[in-house]
Amino acid sequence: MKNLAKSSSKDATHLLGEWARITSTLYSTARFEVEPRSSLVSCAVLLPNREELRVQAPSLEAAAIQLTAALQVQLKHARCQSNWAPEWQALLNTTNASRKREAEMGIQDKMDDKQRTKVRQETIGVTSKKSLYELLSQIASAEDSSIATIARSLVSEGFNDLENRMFDESPCHLLDEYERRLDILDGAETTQWMLRLNRHDSLRLKLVAKEYGRSVSQLAAMCLNEALQARMANGFKVPIEDIEAAWAAIQRIKGPAARTLSEQLGFTKSGSPLINGILSGRIEAPTKVFEMLSNVLDVSVRALRRVTAEAFQLSTVPSFKAGDTKPTVSAMPEAWEAAVRSLSLPSIDTNRLLHIDE
């Protein structure tokens, strides 16, 4: 096989570079939308001649592939007699000038991260329980980060996990379980806040919400809650010495000590089963209760949440035993309301414990 002349090879490489720069510039302007009636994904770019190139497909990936194929056809027609058509050459000149300015500023082939985020993010309005947002705020503070950054990370993390689980589990049952865990969060007061996601994640979220009859706001809150609870269980950078102190404190709360602690917290002696249930991870306690336990035991709230979650995961204690049937182990901690009502305390004590977080 005969090698090309060095000059011809150089010309071909130069052409490939121009081709790549033009397509890269056009791809950066691509807009993805979901057609409300058909649920098809449309993808469009504005060509240098000011005409819109639009394709439709059943999925995001298919739309992107179709757009790539259609754009290559346009590029072939734009190349005439070893030159680009005037409007395409103008686009190439603009791209080259931009690259030159970036090189002079020391940021060749890069965009400012903040500008990239602003251009490519979409805003979603979320309505959730106030307790969820407050917990999100606490995590952001503990991580020395902004609420917006932590929320974006958690929603994306939770949604990715949801999509992966949908391959092996019933999506409807899975979403029902996510909704149940969202509903049992402390308190009834709600709040509205804004979530900013990159356009790709926002579109995926909208597609799944539409397919399974959920609002985008609800699905975002569900994914946030799942990821947040998972991170809480794993400890959000809890120092090992704090974890050890929490384990040691819990080990001391047995028998009479549980009744004493129950009285200290204002639960009365009859509330000691609540204390045992919380510290073993078998009961989902309100944030206020964890804060009270933290003060009395002199350990951090995050360390308490970490060790109680681990205690539940390691637990082999059956949740109930009925007659001669085999005992069963609960897959989820018992809700605070159900645990309180099961004690059959006087109504005044029951109401006080049910509203302890208000």
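## Salt-bridge exercises

R79 and E18 form a salt bridge, with their closest N and O atoms 3.9 Å apart. The pair links distant parts of the chain, 61 residues apart: R79 sits in strand β4 (residues 79-80) and E18 in helix α1 (residues 6-27).

Before you start: this is a predicted model, where local features need pLDDT of at least 70 and side-chain atom pairs count only at pLDDT 80 or more, while totals for chains, interfaces and linings use all residues. Residues are numbered from 1 along each chain as its sequence is written, and side-chain values use heavy atoms, leaving out hydrogens and water.

**Exercise 1.** Work out whether R79 and E18 are buried or exposed, or something in between.

*Solution.*
- Start with the cut-offs: buried means under 20% relative accessible area, exposed over 50%, and partly exposed in between (1.4 Å probe, protein chains only).
- R79 has 27% relative accessibility, so call this residue partly exposed.
- E18 comes in at 10%, so E18 is buried.

**Exercise 2.** Find out which parts of the chain the salt bridge between R204 and E163 ties together.

*Solution.*
- Recall the rule: a salt bridge is a side-chain nitrogen of Lys or Arg within 4 Å of a carboxyl oxygen of Asp or Glu.
- For R204 and E163, the closest N and O atoms are 2.5 Å apart.
- R204 lies in helix α8 (residues 199-211) and E163 in helix α6 (residues 147-166), so the pair ties together parts 41 residues apart in sequence. Helices here are DSSP runs (H or I, at least four residues), as are strands (E, at least two), numbered from the N terminus.
- As for exposure, R204 is buried at 15%, while E163 is partly exposed at 25%.

**Exercise 3.** Describe the salt bridge between E177 and R181, then say which residues share a network with them.

*Solution.*
- The closest N and O atoms of E177 and R181 are 3.1 Å apart.
- Both belong to helix α7 (residues 171-183); they are four residues apart, so about one helical turn separates them.
- E177 is partly exposed at 27%, and R181 is buried at 15%.
- Salt bridges link E177, R180, R181 and E226 in a network.

**Exercise 4.** Locate R214 and list what this residue touches.

*Solution.*
- Look in the loop between α8 and α9 (216-234).
- With 16% relative accessibility, R214 counts as buried.
- Contact means heavy atoms within 4.5 Å. Leaving aside residues up to four places away in sequence, R214 touches C172, L175, D176, E179 and A209.
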